[in-house]
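Open the model in your viewer and keep the selection panel to hand. The stops below go from a helix pair to a chain contact and then to a core.

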Amino acid sequence: MEKYNLNHLRILEAESIYIIREVAAQFERPVLLFSGGKDSIVMFYLARKAFWPAKVPFPLMHIDTGHNFLETLEFRDQLMKKTGATCLVRLVQDSIDQGKVVEETGVNASRNILQTVTLLDAIEELKFDAALGGGRRDEEKARAKERFFSHRDEFGQWDPKNQRPELWNLFNGKKNMGEHFRVFPLSNWTEMDVWQYIYMEDVEIPDLYYTHKRKVFYRDGVWLADAPFMVKKDTEEVVEKDVRCRTIGDITCTGMTLSKANSLEDIIDEVAATRVTERGGRYDDKRSEAAMEDRKKEGYF
Amino acid sequence: MTETKDFQRGYLNMELLRFTTAGSVDDGKSTLIGRLLYDSKAIFEDQMEAIERASEQKGDEHVNLALLTDGLRAEREQGITIDVAYRYFATPKRKFIIADTPGHVQYTRNMVTGASTANVAIILVDARNGVLEQTIRHGYIASLLRIPHAIVCVNKMDLVGYSEKVFLDIQKKFKELSMKLDIQDFRFIPISALKGDNVVERSENMDWYDGPTLMYLLENIYISSDLNYVDGRFPVQYVVRPQAEKFHDYRGYAGRIASGTFEPGDRVAVLPSGFTSTIKSVDTMKKSLEQAFAPQSVVLTLEDDIDISRGDMIVKENKMPEISQDIEMMVCWLSETPMVMNGKYSLKHTTSDAKCIIKDLPFKININTLEKNYEDKSLSLNEIGRIRIRTTKPLYYDPYRRNRVTGSIILIDEATNNTVGAGMIV
């Protein structure tokens, strides 16, 4: 039987492709939520694999906070050009201008939470019935209990205490009008798996993940990138450092890692040696112990 | 170049093992999982700090490792685990997925869920209490769900003076009771999850035990033969038809191989039509394969133009599945609304959707005593029984004990869309 061995990455890949195809088969209008981070890049790569030689039969959508790294947006546009895929963009700024959300102010101001409104509006406007996301169960404890097929009621809300049991590889995507599903094909992947897979398959990622010089400042144990919209305290001094992103979100909540890693091998070694979780550098999770759960219940990614 | 190869050896040649943990409330399950995660460095500093902080706030004496897995606000507030939690760790040999199922509320439903994808079940027994009713229940569910390997961890050995006799007595009792169960591979390990004996490190307190540690077993237990490589089964998930000049006549069938192997030149039959053909190619984006096997996701093309759609199954001609509209299965009821006799339900089986009527409930099982009850015709939450259903269209299936993919079914309540039953075809 030795010849029938698949390594862990191939098994995870097969599982994720299966789930992505289930979404295309079970839903009428799926969409793949794309952020330009490595998880959504791997998601899109797997979706291309799932339907090759046909095109991915659903669009991508980016909820743009307006506070993204320029490199992320350039990478996104390049990738769409290269693959011929379509990426819809919805702007948090529009939700602000329409008065649906109010911009936070002060030093820790972020548009991270505001994204939820823009996302749910877009899902309703475009009548999406399934939104594929790159969330992983190892990321955060509230995610550890999320299903692959995660039901959302007509308000886009998640009810974590009342989830459908998920058995074998049988995924129940049945729903009523106006409800939708969030689907997480990478649920069983860890941060390390994602990096190893990127390495194994030679998946292209933004340069932000490799070491580069950047103007940064230090706040509560996290190095944050400087940008015109970043409100700094008087005591916070901007310095230039060799840094890279371990995760890519919007600038206001993405912690930079001091690092000289300039290859995937280096990054994997760094991930293997690190003793802090990926989201340890995410400002958005530090707000409270149940920060992620609360955001997810409201309809966050 | 050598450097790259070393690198690959270190990181990319890992196997994947999924296991589930079963134990009663105070058997030390969370401590055991915490220990495995902690000793394999899967707990990070910020996670550890967070649970230390939370334990302190709650006034716990020890760092409460259960807080690692109890992620929901309600769980932490009430100090209970509500739902199956998935946890991950890796050693250089294997990546592990733990389905951690809570010990009390909704117990059976959760354990069945966690067990449905597991290669290994870890069953915890408190050395002070010995084999209890619930131990039988855990063994029965592992056997019903056809988990190929079960490891019985006799925990809290430190509290019985690391006594060999206690361990052997429990082993003997368990073996007697498990005669009725259908698990091929049972192992027993005396451990102390709290003190770390025989979990990752060999115990110095039990020199009478010369078997492997739990971690050694998890890393080395032979799982490659767990899948069925004999019966070629390919449930069609999606039809791939590129609207592009380059692939003008391409028509491929996307799916995940449920069992067996497929390669170009293989004679196949397509169900339900019964048409036969030959496999032309086994495609993936990077390359076409000489052979594909379970559980790979691939695209098959055939030599002949046959009408095939989602829900159909491509099978090897030499070994056909069973085909019927009258199915008998063991079912675990998952819903607070009891099963309705002669009621109609939707069902999912491989990639196929159908409806069915519950025709009969020949018996149900008392999962604490394993006795059969032929009188009671009701089935409620967390109960397991044998049912007969009539489906709206024929299903192509294998008995669950032969094939976990083509032998499993979920029942769905048509009014609420909830998944209410987990069925294993007899």
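**Helix pair in chain A**

Helix 2 of chain A and helix 6 of chain A are oblique to each other, oblique being the class left once angles under 35 degrees (roughly parallel), over 145 (roughly antiparallel) and 65 to 115 (roughly perpendicular) are taken out. This is a predicted model, in which local features need pLDDT of at least 70, side-chain atom pairs count only at pLDDT 80 or more, and totals for chains, interfaces and linings use all residues. Residues are numbered from 1 along each chain as its sequence is written, while chains are lettered from A and ligands numbered from 1 in the order in which they are written.

Select residues 38-51 and 191-201 of chain A: the axes of these helices, 2 and 6, come within 11 Å and cross at roughly 55°. The crossing of helix 2 of chain A and helix 6 of chain A is left-handed. Now show A:Lys38, A:Asp39 and A:Val42 in helix 2, which meet A:Val194, A:Tyr197 and A:Ile198 in helix 6 (contact: C-beta atoms, placed from the backbone, within 7 Å). By class, this helix contact has four nonpolar, no polar and two charged residues.

**Between the chains**

Next, colour by chain. The contact takes 60 residues from chain B and 56 residues from chain A. On the chain B side, the largest share, five residues, comes from strand 2 (residues 85-90). That side of chain B has 30 nonpolar, 17 polar and 13 charged residues.

**Around B:Val154**

Finally, centre on B:Val154. Leaving aside neighbours within four places in sequence, B:Val154 is in contact with B:Val125, B:Ala127, B:Phe167, B:Ile170, B:Phe188, B:Pro190 and B:Ile191.

Conventions:
Axes fitted to C-alpha atoms, helices over the stretch in contact; angles between N-to-C directions. Helix = DSSP H or I, 4+ residues; strand = E, 2+ residues; numbered from the N terminus. Left-handed = near helix turned anticlockwise from the far one by under 90°. Contact = placed C-beta atoms within 7 Å. Nonpolar A, V, L, I, M, F, W, Y, C, P; charged D, E, K, R; others polar.
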